[in-house]
2 protein chains.
Amino acid sequence: MVTLEDVAKQAGVSLATASRVLNGSTRQVGASLRARVEQAAAELGYRTNFAAQTLARGASKVIGIVVHDLTDPYFAALADGAMRVAAEEGLLVMVGTTHRDPEQEIAYVASLNAQRVRAVLLAGSRVDDPHVTGRLREELGRYLDSGGRVACVGQDLLDVDTVAPANREGAADLARSLAALGHTRFAVLAGPPGLLTAADRCAGFTGALAELGLPEPLVLHGPFDRDGGYEAAARTGEATCVFAVNDVMAVGALASYRDRGVRVPQDVSVAGFDDITTLRDHVPALTTVRLPLADMGARALAMALDLGEEARVERVSGEVVMRESVRAVEA
Amino acid sequence: MVTLEDVAKQAGVSLATASRVLNGSTRQVGASLRARVEQAAAELGYRTNFAAQTLARGASKVIGIVVHDLTDPYFAALADGAMRVAAEEGLLVMVGTTHRDPEQEIAYVASLNAQRVRAVLLAGSRVDDPHVTGRLREELGRYLDSGGRVACVGQDLLDVDTVAPANREGAADLARSLAALGHTRFAVLAGPPGLLTAADRCAGFTGALAELGLPEPLVLHGPFDRDGGYEAAARTGEATCVFAVNDVMAVGALASYRDRGVRVPQDVSVAGFDDITTLRDHVPALTTVRLPLADMGARALAMALDLGEEARVERVSGEVVMRESVRAVEA
DNA sequence: GCCCTCCCGGAAAGCGATTTCCAGTCTGTC
DNA sequence: GACAGACTGGAAATCGCTTTCCGGGAGGGC
C-alpha cells in the first residue's frame, strides 16, 4: 500500500506539503513543489486512506441511508433521490436495509455512528411502540451529541429534521374524490395496526368519509407489502371501492381480483397511495395519491446536510391522480 | 465523543484491556475486569470509532456495491441478494450508482479503495471500450494489490471472480422456443451497440435463428431502459415476434404497443430477459428468460469474501419462461 | 519445594493522515 | 538599508484504536 509518506519521500518534500497538495488545505503550496508531489502521486498510484483521513479530520465523507427494503420501489425512489444529492456533494453512501425490523434500524444507526458518518437518513415509517422508539431516540441522541446530523422521511416524532408526507390529508382528498363518484361501501386495506404511515392514511380516509356522512369502511389489516394486499383483497366483501394504503398493496389487490375474475374497475374500484414509478406501465392504471418520492429523499438529505440548530419539519402534500382503476358507481 | 480511553479510565483498567473486552481479540480478559469494562462502556454510551479501528487493523467491515441504477429492479434484486449475505457476515454496505457512466464506475472503485473496503461488487454490464475497461482494470489492480477482493456480475473480462449469466445461451433457447411457435419475422430491441450484455443476448438470439434457417431479425438499437424499449418498439415494422434484450425494455415496448392499439399477443408477440420481480403483476404476463438475480448477487459477494487465489467464474444459466405475451402464429 | 508453563494485565509503538507551530524567505515601505 | 508583514515549507503532536512485547502471578509436574 502506498502511503502519503512514500509520496512525500519520492517527491523530496515533507509529509505536510504532500498532504496539502493532495488532500486540500487552506494553505498554498508553491507551483514547483506542487507539481513534484502530483507527479510522484501519479507515478506511485497513491490513494488517500479515508480511514486515516476521517480519524485525523474527525469527519468523514460518508452518509448513511436506512431503508426497509431496497427492492420496494418506494424506497428505491427515496434512496435514489438522496443519492443524487450525495453525489453532488461528493459524498459516499452507506445503505442499510432493515426488512422492517426495528432492531435492525437501531443497529444500523449504531453502526453508522461508529463510522462517524456525516449524516443519517431514516426512511420508512415509524412504528407505534414507545419502547422501540425510545431506544432509537437514545441511539440517535448519542449520534447527534457527537455532532451527527439526522433527517427522517415519515412521521415527525424523533425531534430531527423531517420530511413529512401529508398522509392524512392525501388520504382524505382521495376519499372525497372517490365518494364524488358515488361510492358508499368502502374497504381499506390498512396494513399492520402499529405502522404509523398506514394508520395515518387509514385515519385520514376514514375521517373524510365520516365527514361526508358515509358509512364506516371495512378496515382490513395485514402486511404492508404486495402479498399483504393480495390476501386482504380476498376479504373486501360487498365494498365497491377499495383503498390500499400503499401502491404495492394495491398492486397485490389488483392481482388478487384478476386471479379471481373480479373486474377492475367494473366490479370494484381500487386506489393506492405513493405513485411509485412501476405504476407507469401497470394495467389497469392505478388511481393513487402522488408523492414526489425522489424529491423527498433529496430534500431530506439536503436538510440534514444544511447545518442549522432547529429541527425543521417540511410537509409534503400529495396529489390525487385519478386513473382507470376507479369508476363511477352505476346510477 | 466518548473514547476507549474514557472507558478504560472509568473502569480503572488499561487501554489494552478495554480494547480486548469491547472490540474482540484472541486474548482473554478476566471476568471481573471484563464486567467493569462493559459496565463503564454502557454507562458512558461508548461507540467504537470505526475509522480508528479500520486504520489500526488495516481492514474494514465495509463492502462496496456499484450498480447502474437502484431504481431498476434488476439491480435492486442483485443488491438485495448481496446485502443479505453482507448482513449475515456483519458487514456494512456502501452503494454507488453510476447511472451508466463508466467514469463514475471508475471513480467509485477509487473511492472504495480509499475506504479500504473489504470487497467490491461490480454489477452491471461491461462496455465494449478498451480504453475505459483498461482504466477500470488499472484501478481494480491497485485495489487488488493492496489486498482488496473484487467480484463482478456480468461479463468475465476483468480477471476477477465473476458470476456470468449465460446470456447467449439463454437468448438462443428463447429464440428456439419462439421459433417453435411458428414465428419467422423477428425483431430485436437490442439496446446500445457497445453494451456487452445487450450484444451477447442479441447475438445468441440471432445465432439461434440462423441455425434454424430463419431470416435475420430486424435489429433496433436504443437505450437499455424502459423508454428505450418504448421508442424502439415503434420501429418493429412487420415483425410478428419481438425480443427485448431486457425486461424493462420489454415493459416499455408493451406500453408502446398498448398506446398505439397494437394487441399483444394477438398482433405481436413480445419477450424479454431477466424475469425481474415487477413482472409478477404485469399484464399481459411477459415471456422471458429467468435469472436468479438475488442469488447471483449473493453468490458474487460470497465469492469475493471467500478467499482464494484464482479468479473463478461461475456460470448461471437462464430458464425460458413462457407466458401470455407470446402466442403461436395463426396457421 | 522448585522450575517451567500458561495466562492475564499494561506500557508503548504503530496505523496514515491533518494541523499547529516555528522558522526562513520575500516583498514593500519609509 | 532596515523592519514589519505575508507566505511557504517542515517538524512534530494528534486523532482513537490494535497489538506486540514484557512482567508478574498462579498452577502443575517432578
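**View 1. Residue classes on the surface near DNA strand C.** In this predicted model, the surface near DNA strand C is made of 14 nonpolar, 11 polar and two charged residues. Here Ala, Val, Leu, Ile, Met, Phe, Trp, Tyr, Cys and Pro count as nonpolar, Asp, Glu, Lys and Arg as charged, and the others, Gly among them, as polar. Local features need pLDDT of at least 70 and side-chain atom pairs count only at pLDDT 80 or more, while totals for chains, interfaces and linings use all residues. Residues are numbered from 1 along each chain as its sequence is written, and chains are lettered from A and ligands numbered from 1 in the order in which they are written.

**View 2. Who sits around DNA strand C.** The strand is surrounded by 27 residues, where near means a C-beta atom, placed from the backbone, within 6 Å. Among the closest are Ser19(A), Asn23(A) and Gly30(B). Helix 2 (15-23) and helix 4 (50-57) of chain A, and helix 2 (15-23) and helix 4 (50-57) of chain B, each give at least two residues to this surface. Helices are DSSP runs (H or I, at least four residues), as are strands (E, at least two), numbered from the N terminus.

**View 3. Where the two chains meet.** Chain A and chain B each bring 39 residues to the contact (C-beta atoms, placed from the backbone, within 7 Å). On the chain B side, helix 5 gives the most, with six residues.

**View 4. Along the rotation axis.** Chain B superposes on chain A by a rotation of 180° with 0.0 Å of shift along its axis (RMSD 0.1 Å), fitted by least squares on C-alpha atoms of residues with pLDDT of at least 70 in both. The two copies are therefore related as by a two-fold rotation axis. In chain B, Met94(B) has the C-alpha nearest the axis, 2.0 Å from it.

Note on methods: Two residues are in contact if their C-beta atoms, placed from the backbone, lie within 7 Å.
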